Amino acid sequence: MMPLQHHRLRDFVGSLASLLDSHPSEETILHQGRQLLGELIRHDDWLGPEFAQPDPERYQQYLLHADAQQRFSVVSFVWGPGQRTPIHDHRVWGLIGMLRGSEISQGYRREAQGLTPDGEPVRLEPGSVEAVSPAAGDIHRVSNGQDRVSISIHVYGGNIGAVKRAVYQPDGSEKTFISGYNNAFLPNIWDLSHD
């Protein structure tokens, strides 16, 4: 078995941190960040198996990296067959890159009578990268698009496991929550002894 190529995640983290150091607009972050994330997910040889484990009950959110200044976080989302999120938001910018399998995202908008689907569902396949932004309306539901495990890599403009955000009922009412993470430890992408 080939050793994991941790340098890919390390390089991504360094490049995104450098981008954020220049204090760009959100539009620039999403445009350039999409390219950086696309390069990371073009390879499937860097994610450790412990951060790719599904759970039979619900999707898993594994923290891969949290910026020391909490400007961004990188998370692997692992979806078992048929699993989906409630309708929710993020309240920070985000990028979603499909690594394995597929997922389907349905956007929603709030109207006087409650939530209404906003456009057609978007299907992400391996190599696809999508963006979310509170400025563009960030209410959606995501589901595994297959009958096998799917994994997507998410990058958020904050420590997403600590961000207060909301789930939504069909009538448009919201309930705030803080998600946290499923993993008990982090990948050691900074160990250069094996490179």
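The legends below describe close-up views of a predicted model.

**View 1. The five-stranded open sheet.**
Five strands line up in the order S1-S2-S9-S3-S7. The sheet is open, and the pairing is antiparallel. S1 and S7 (129-132) stand at the edges. Each has a single partner strand, so one side of each lacks a neighbour in the sheet. From one strand to the next, the twist averages 25°.

**View 2. The pairing of S1 with S2.**
S1 and S2 are antiparallel partners joined over six bridges. Tyrosine 62 faces a residue of S2: serine 76 stands opposite. In a regular strand, side chains alternate between the two faces of the sheet.

**View 3. Helices on the sheet.**
H1 lies across three strands, S1, S2 and S9. The helix runs at about 135° to S2. H2 also packs on the sheet, where it touches S3, S7 and S9. The direction of H2 makes about 15° with that of S3.

**View 4. The contact of H1 with H2.**
Two packed helices are described by the angle between their axes and the distance between the axes. For H1 and H2, the angle is about 170° and the axes are 10 Å apart. H1 is therefore roughly antiparallel to H2, since angles over 145 degrees count as such. H1 brings Arg8, Leu9, Phe12, Ser15, Leu16, Leu19 and Leu20 to the contact. From H2 come Thr28, Ile29, Gln32, Gly33, Leu36, Leu37 and Leu40. By class, nine of the contact residues are nonpolar, four are polar and one is charged.

**View 5. The nonpolar cores.**
In soluble globular proteins, nonpolar side chains tend to be buried together. Here the largest nonpolar core holds 29 residues. Leu9, Phe12, Leu37, Leu47, Val74, Trp93 and Ile153 touch the most other members. Two helices, H1 (7-21) and H2 (26-41), each give two or more residues to this core. So do the strands S1 (60-66), S2 (73-79), S3 (94-100) and S9 (150-156). The largest share, seven residues, is from H1. Another core, of ten residues, lies apart from this one. Tyr59, Leu63, Val92 and Val142 are among its members.

Leu9 and Phe12 of H1 and Leu37 of H2 appear in the helix contact, and these residues are also among those that touch the most other members of the largest core.

**View 6. S4 and its partner strands.**
S4 (residues 103-111) pairs with S6 (residues 122-124) in the antiparallel sense, through three bridges. Leucine 124 in S6 stands opposite glutamate 103. Six bridges join S4 to S8 (residues 139-144), again antiparallel. In that pairing, tyrosine 108 is set opposite isoleucine 139 of S8. S5 (residues 114-117) is antiparallel to S4, with four bridges between the two strands. These two strands form a hairpin, with two residues between them. Glutamate 111 has glycine 114 of S5 as its bridge partner.

**View 7. Glycine 82 in its loop.**
Glycine 82 sits in the loop between S2 and S3. Its relative accessibility is 63%, so glycine 82 counts as exposed; the cut-off is over 50%. Leaving out residues up to four places away in sequence, glycine 82 touches Asn144 and Gln146. Glycine 114 is 32 residues away from glycine 82 in sequence. In space, the C-alpha atoms of these two glycines are 25 Å apart.

Notes. Residues numbered from 1 in each chain as written. Predicted model: local features only at pLDDT ≥ 70, side-chain atom pairs only at ≥ 80, totals over all residues. Heavy atoms only, no water. Core = buried A, V, L, I, M, F, W, Y, C linked by side-chain atoms within 4.5 Å. Buried < 20%, exposed > 50% of the residue type's maximum accessible area, 1.4 Å probe, protein only. Pairing = 2+ DSSP bridges. Axes fitted to C-alpha atoms, helices over the stretch in contact; angles between N-to-C directions. Contact = heavy atoms within 4.5 Å. Parallel < 35°, antiparallel > 145°, perpendicular 65-115°, else oblique. Nonpolar A, V, L, I, M, F, W, Y, C, P; charged D, E, K, R; others polar.
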